[in-house]
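Got your viewer open and a selection box ready? Load the chain below, and let's walk through it one selection at a time.

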Amino acid sequence: MKWIKIKEKALTENYVEIHYREVDHEMELLVSYLQKSGILLGKKDGQVKKLLADDIFYCEIVDRKCFAYLEQEVWILEPGLQEILSAYEAAGFVRIGKSMIVNIHKVDRMESDLNMRVRLYLENGETVILNRSYRQDFYTRLKKEVERNATD
């Protein structure tokens, strides 16, 4: 793949254009990487902050509000879980419960728990539960991520 990098001081926002003849593995990896860099708006204490999807460890619904958990901060998001999952699935988000999604790239290790559930230990030290009804989808997604990283 050939690429060109041009610095333009007059730009108010960075942008990327992709020109391609066909979608191949290299193109899929590039698009996947760019989608990982998505931005969500978080709100807390009257402030609004741009959150990178890659910095979010997990999101959960509590009292009809969607919370995004970063390494050491928690922010409220406007979109619901399904909207986040649809927009940022390529960034590694996968559903692990009715009211929770996790960034699969932030999972450090897993451990079996009671009633066929799995305890997920995240890189920031937090623990979340993978419910059994979402286990198969999670493992399928994890396998795809491992295979994708093995080819990089």
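What follows is a stop-by-stop tour, going from the whole chain to single residues.

**Stop 1: the whole chain**

Keep in mind that this is a predicted model. Switch to cartoon and colour by secondary structure: you should find 3 helices and 10 strands. Reading from the N terminus, the order is α-β-β-β-β-β-α-β-β-β-β-β-α. Draw a box along the principal axes and the C-alpha atoms fill roughly 55 × 45 × 25 Å. Now turn on the surface. The accessible area comes to about 10900 Å², and 48% of that belongs to carbon and sulfur atoms. Of the 152 residues in the chain, 31% are buried. If you like contact maps, take the contacts with a separation of 6 or more: residues 24 or more positions apart account for 42% of them.

**Stop 2: the segment before helix 1**

Select Val 16, which sits in the segment before helix 1 (25-36). Is Val 16 buried or exposed? It is exposed, at a relative accessible area of 60%. Tyr 20 is placed in the segment before helix 1 too. Extend the selection to Val 16, Ile 18, Tyr 20, Val 23 and Val 31, and you have a nonpolar surface patch with about 450 Å² of accessible area together. For a sense of scale, draw a distance from Val 16 to Lys 143: the C-alpha atoms are 30 Å apart, with their positions 127 residues apart in sequence.

**Stop 3: two cysteines and a core**

Next, show Cys 59 and Cys 66 as sticks. How many disulfides does a search of the whole structure find? The count is 0. For Cys 59, the nearest cysteine sulfur is that of Cys 66, 4.9 Å away. A disulfide here would need the two sulfur atoms within 2.5 Å, so this pair does not count as one. Both cysteines are tucked away: Cys 59 is buried at 0% relative accessible area, and Cys 66 is buried at 4%.

Stay on Cys 59 and select what surrounds it. Beyond its neighbours within four places in sequence, its contacts are Cys 66, Phe 67, Ala 68, Leu 77, Leu 81, Ile 84, Ser 99, Met 100 and Ile 101. Which residues touch the most other members of the largest nonpolar core? They are Cys 59, Leu 77, Ile 84 and Phe 93, out of 17 residues in that core. Strand 4 (65-69), strand 5 (74-77) and helix 2 (81-88) each supply at least two residues, and helix 2 gives the largest share, with 4 residues. Apart from this core lies another, of 16 residues; Phe 57, Val 118, Leu 122 and Val 128 are among them.

**Stop 4: a buried arginine**

Jump to helix 3 (residues 135-151) and pick out Arg 141. With 11% relative accessible area, Arg 141 is buried. Leaving out residues up to four places away in sequence, Arg 141 touches Glu 89, Ala 90, Gly 92, Phe 93, Val 94 and Ile 104.

**Stop 5: two loops with positive phi**

Go to the loop between strand 1 (39-44) and strand 2 (47-52), where you'll meet Asp 45. Asp 45 is not a glycine, yet its phi is positive, about 50°. This residue is exposed at 73%. Then hop to Arg 64, in the loop between strand 3 (58-62) and strand 4. Arg 64 also has a positive phi, about 65°, without being a glycine, and at 85% relative accessibility Arg 64 counts as exposed.

**Stop 6: salt bridges**

The whole structure has 6 salt bridges. Start with Glu 78 and Lys 43, whose closest N and O atoms are 3.1 Å apart. This pair ties together distant parts of the chain, with Glu 78 in the loop between strand 5 and helix 2 and Lys 43 in strand 1, 35 residues apart. Glu 78 is exposed at 58%, while Lys 43 is partly exposed at 37%.

Next, select Asp 108 and Arg 109, a salt bridge at 3.8 Å between the closest N and O atoms. Arg 109 is partly exposed at 46%.

Finish on Arg 119 and Asp 113, which meet in a salt bridge of 3.3 Å, N to O. Arg 119 is partly exposed at 27%, and Asp 113 is partly exposed at 22%. Add Arg 117 to the selection: shared salt-bridge partners join Asp 113, Arg 117 and Arg 119 into one network.

Notes: Residues numbered from 1 in each chain as written. Predicted model: local features only at pLDDT ≥ 70, side-chain atom pairs only at ≥ 80, totals over all residues. Heavy atoms only, no water. Buried < 20%, exposed > 50% of the residue type's maximum accessible area, 1.4 Å probe, protein only. Core = buried A, V, L, I, M, F, W, Y, C linked by side-chain atoms within 4.5 Å. Contact = heavy atoms within 4.5 Å. Patch = residues over 30% accessible without salt bridge, like charges linked within 9 Å, V, L, I, M, F, W, Y side chains within 5 Å. Areas by Shrake-Rupley, 256 points an atom, 1.4 Å probe, with all protein chains shown as cover. Salt bridge = Lys/Arg side-chain N within 4 Å of Asp/Glu carboxyl O.
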